[in-house]
Structure formats: structure tokens, C-alpha cells
Amino acid sequence: MNDDIKKGLLGIVVDETEVSKVMPEINSLTYRGYAAQDLCEYCRFEEVAYLILNKDLPNSIQLKKFEREERNNRELTKNLYEIIKHMPKKSHPMDVARTAVSVMGLEDKETTDSSHESNMRKALRIFAKTPTALAAFYRIRKGKKIIKPKKTLSFAENFFYMCFGKVPQKEIVKAFDVSLILYAEHSFNVSTFTARTITSSLSDIHGAITGAIASLKGPLHGGANEEVMHMMNKIKKPSNALKWIKNALKNKEVVMGFGHRVYKSGDSRVPTMREYFGKVAKIKKDKKYEKIYDIVEKVMIKEKNIHPNVDYPTGPTYHLMGFDTDFFTPIFVISRITGWSAHIMEQHAANKLIRPLASYKGNRHRKVMQLNQR
Ligand code: SDX
């Protein structure tokens, strides 16, 4: 392959952004200049969602207005509930999310308006409704009644309520909120770049987010948090972990939840998420996954110098919270809609059609033979 080609756009800077800064050299990540771990400590997810979309942290009046708008937009149309009820029960929830956002686009009265103000309103509606659509599917596929969103609950509390019918203790909600803050935004990752590429032709925000959800589903990207859980379930118990991981490395398997295109000596979000994974494990009195986590991590770093990424601690945390494994990446979606929306609006504000080149290596030029001569 000729040297000019950077497969996977490895190391290629394609545009500028103000949304976030990923700093592998100091193992840090900032959203609009604020360190992600500080946001986890001092803010609720709604404050961070506002920050990512509006470029600064809200004051209490701005936060109240944002929360009111988000809560007032959680409900789905009767039509969308009906569509979700008729989706095949075995559908992957990521495909349900992608389809639900598409239907929201069909229903949205501003779908043809891509002005900044309109995109901001549409982003908020997608942000508010996608958790409701996912929770509705969660209940329907279990043969349970849909639980409608509650305006008195926070974004995190309401998702638990719509899925399980109750809100867990505040420490569990805080851990969930922290995971949403850590998942919210991460510069030009593949799903965000997908959204920007779709936007670059001046297509609409619903289409761009639908494409981003499809991209996030992949196991090399957001889908990894589900694969981490499948791996832990295969390992079953801590005493199997060492043999399992040594075998995986011997077979040159890709170990899910490890490695990263940008962070090469550890994902800056892992220490915070690992801390909250430990808190949830303690509350649930289930240390098994933590023990497996530590054994596998130790071998990966020692033998391959490959570090965990954010999906590694998040997977078992969501399992301990009671979510079905195939709902882990959809939780990534309801958080990352904020980052995707900010990038879509940023792309619109300084757009250039994204259209790279390819180096042709196919057949040389040849003449067409008539069918009866072929
Ligand atoms: C996310 O980009 C983002 O910011 C994404 C994200 C976000 O917030 O949006 O951070 C979220 O997607 C995190 C990543 C989740 N994916 C996984 O956990 C899947 C497992 N990870 C690997 O597939 C891999 O690490 C990638 C895809 C994440 C990154 O791969 P790269 O940068 O393309 O590097 P590579 O695959 O070429 O690997 C380089 C070497 C290879 O060895 P050699 O062929 O050179 O001998 O490292 C090895 C790889 O085999 N390697 C791994 C590995 N990751 C890299 N070997 C085993 N297990 C792994 N997980």
C-alpha cells in the first residue's frame, strides 16, 4: 500500500473543533475546557449536557430551564409507541434506537430546517425522547407494561424508573450519572465523524444521529461494553481469569474493552469509572467481576502493554445495576447524543463537504465486449 495512504485516517487531523480535547500525552480529556473528571465530581449529567451543547456550564436559572425543556419533551407520539410495540422482540436495542430516531425525524415539524436554533431544538427532542423509546422496548420485550416518563425525576433517575419501575439508591444513580458524563463526548471518534460526514452534505440531524448510532453499535467502538460482559460471562469466575486471558492472547484474540486509537497508555476516563464500578460492586456485595477485571487488566498491561478503555469498567457496572447486556451500548447512545449534536452543529457552522480520495488498484482500462462476444 503506498505510503500516502493512512488507512483508518490514522493520525490524520481533518478539522478543528471546540467541543472537547483528548490529551493522551497527559492522559486527560476536557469538554469545552473543563476536565471530565472534575465534571464527574461537581456536576450532574444535565449540567454537562448543557455545557456540551451551549459551550458553557449553566447557572441555576439556565439549568432549571434546560431541565424543564428536557423533561417536557420526554414523551413519544402514540404512533412511535405503536411502532416500537411492533418491532421484532429479538431486535437489538441499538437497531431500535436507530429506528426510533429515524421515526422522530419523520415526525419532527422542523425536520427541513437545519438552522442552528432549529438544530438545537431538535437535538433536545432527540436527547429527551431516545431514553423513553429504549425503555419502552426494554419493557415490551419482557412482556411488561410501558412505564411513561416522569417529569419529577432527573435524566438518570427517569431512565431507571422507565426500565425498572423504581429509582435505585442515590449512590447507584450517581454512578450512572458519572458513566453518562464520561460517555458524552470524545472528539472525532468514528460515530461522531460519521455524524459530521453525513452533516457535511447538509443532510439533517436525525439522519446524522441515525448514522452515528449505527456506527457506535460496532464492537470496535461502543459495542465493546457489551462484549466485555460477554467475555466476563465466559470467564465465569476469578479462578478462570488468568488461564482465559493467557489463552486469548495465545490465540491472538482481540480483547474487548482494551486498547484505543488515541490513548496509548490508558484511557483518561478509566480511573473515574473504575472507582464507581468499585462503589457499585460494594453496594451490590458482588466482587466477582472486580476480581476478574483486575486479573485480566494486569495480564493485558504486563504482556501486551495494552490498557483498558472506558468500555471495560462500564460493562460490569451496568450489569451490576441490573441492565440487560444488550442495553449497555444504548446507554452510551443516550449520553453521546449530546456530543454528536454539538459536532453536527459545529460542522454546519463551518462546513466543507467531506470527500477523501482513494488510490485505485483495480483493472487497467479495458474495452467493453458485446454480450454475444463474452
Ligand atoms: C471506544 O475513538 C474513540 O474515542 C472511541 C471511544 C469514544 O469515547 O468514542 O473512546 C469509545 O470506542 C473505545 C474502544 C472500544 N473498542 C474496544 O474495546 C475493542 C477492542 N479494541 C481494539 O479493537 C483496538 O484497540 C481499537 C479498535 C480500539 C483501536 O485499534 P487501532 O488504533 O486501530 O489499533 P490496532 O487495532 O491496529 O492495534 C494495534 C496493535 C495490533 O497488534 P499488531 O497487529 O500490531 O501486532 O495492538 C493490538 C492489535 O492486535 N491490539 C489489541 C487490542 N487493541 C489493539 N490486541 C488485543 N486486544 C485488543 N483490545
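This is a short walk through one predicted model, starting at the ligand and moving outward through the helices.

Okay, ground rules. Because the model is predicted, local features need pLDDT of at least 70 and side-chain atom pairs count only at pLDDT 80 or more, while totals for chains, interfaces and linings use all residues. Residues are numbered from 1 along each chain as its sequence is written, and side-chain values use heavy atoms, with hydrogens and water left out.

Let's start with the ligand. It has 23 residues around it, and the closest are His186, Val255, His260, Arg261 and Arg269; near here means that a heavy atom of the residue lies within 4 Å of the molecule. Now the polar contacts, meaning pairs of N or O atoms within 3.5 Å; within protein, one atom must be able to donate a hydrogen and the other to accept it, and residues adjacent in sequence count only if both atoms are side-chain atoms. A ligand oxygen comes to 2.6 Å from an N or O atom in the side chain of His186. His260 has a side-chain N or O atom 2.6 Å from an oxygen of the ligand as well. Phe258 joins in through its backbone: a polar atom there is 2.8 Å from a ligand nitrogen. Taken alone, the ligand exposes 1,000 Å², and the protein buries 67% of that. Those areas come from the Shrake-Rupley method with a 1.4 Å probe, and for residues only the protein chains shown count as cover.

And where does the ligand sit? In the largest pocket. For the method people: on a 1 Å grid over the protein atoms alone, a pocket is an open set of points with protein on both sides within 12 Å along at least five of seven lines. A molecule sits in one if more than half of its atoms lie within 2 Å of its grid points.

Next, the loops. Ser187 is in the loop between helix H8 (170-183) and helix H9 (190-199); helices are DSSP runs of H or I with at least four residues, numbered from the N terminus. Its phi is near 55°, a positive value in a residue other than glycine. That's worth a mention because most residues other than glycine have a negative phi. Is Ser187 buried or exposed? Buried, at 17% relative accessibility, where buried means under 20% relative accessible area, exposed over 50% and partly exposed in between, with a 1.4 Å probe and protein chains only.

Lys252 also has a positive phi, near 55°. Lys252 belongs to the loop between helix H12 (238-250) and H13, and it counts as exposed because its relative accessible area is 76%. Lys55, just after H2, takes a positive phi of about 75°.

Speaking of H2, which covers residues 45-54: nine of its ten residues are buried, so the helix is largely enclosed by the rest of the structure. Among the buried ones are Phe45, Val48, Tyr50 and Leu53.

Over in H8, we find Phe176. Phe176 is buried, at 0% relative accessibility. Which residues does Phe176 touch, not counting those up to four places away in sequence? Ala156, Phe159, Phe160, Tyr318, Met321, Phe323 and Ile331; a contact is heavy atoms within 4.5 Å.

Helix H13 (residues 270-283) holds Thr272, which is buried at 11% relative accessible area. Beyond its neighbours within four places in sequence, Thr272 contacts Gln37, Cys40, Val178 and Leu182. Then there's Glu290 in helix H14 (residues 288-304). Glu290 is buried, with a relative accessible area of 10%. Setting aside neighbours within four places in sequence, Glu290 is in contact with Arg274, Phe277, Gly278 and Ala281.

Last, a few C-alpha to C-alpha distances. Phe176 and Asp4 are 43 Å apart in space and 172 residues apart in sequence. Asn233, in helix H11 (residues 224-235), is partly exposed at 36% relative accessible area. From Asn233 to Leu57 there are 176 residues in sequence and 40 Å in space. Finally, His365 lies in the segment after helix H16 (328-349), and counts as exposed at 75% relative accessibility. His365 and Lys109 are 50 Å apart, with their places 256 residues apart in sequence.

Conventions. Helices (H or I, at least four residues) and strands (E, at least two) are DSSP runs, numbered from the N terminus. On a 1 Å grid over the protein atoms alone, a cavity is a set of points where a 1.4 Å probe fits but cannot get out, and a pocket is an open set with protein on both sides within 12 Å along at least five of seven lines; lining residues have an atom within 4 Å of a point.
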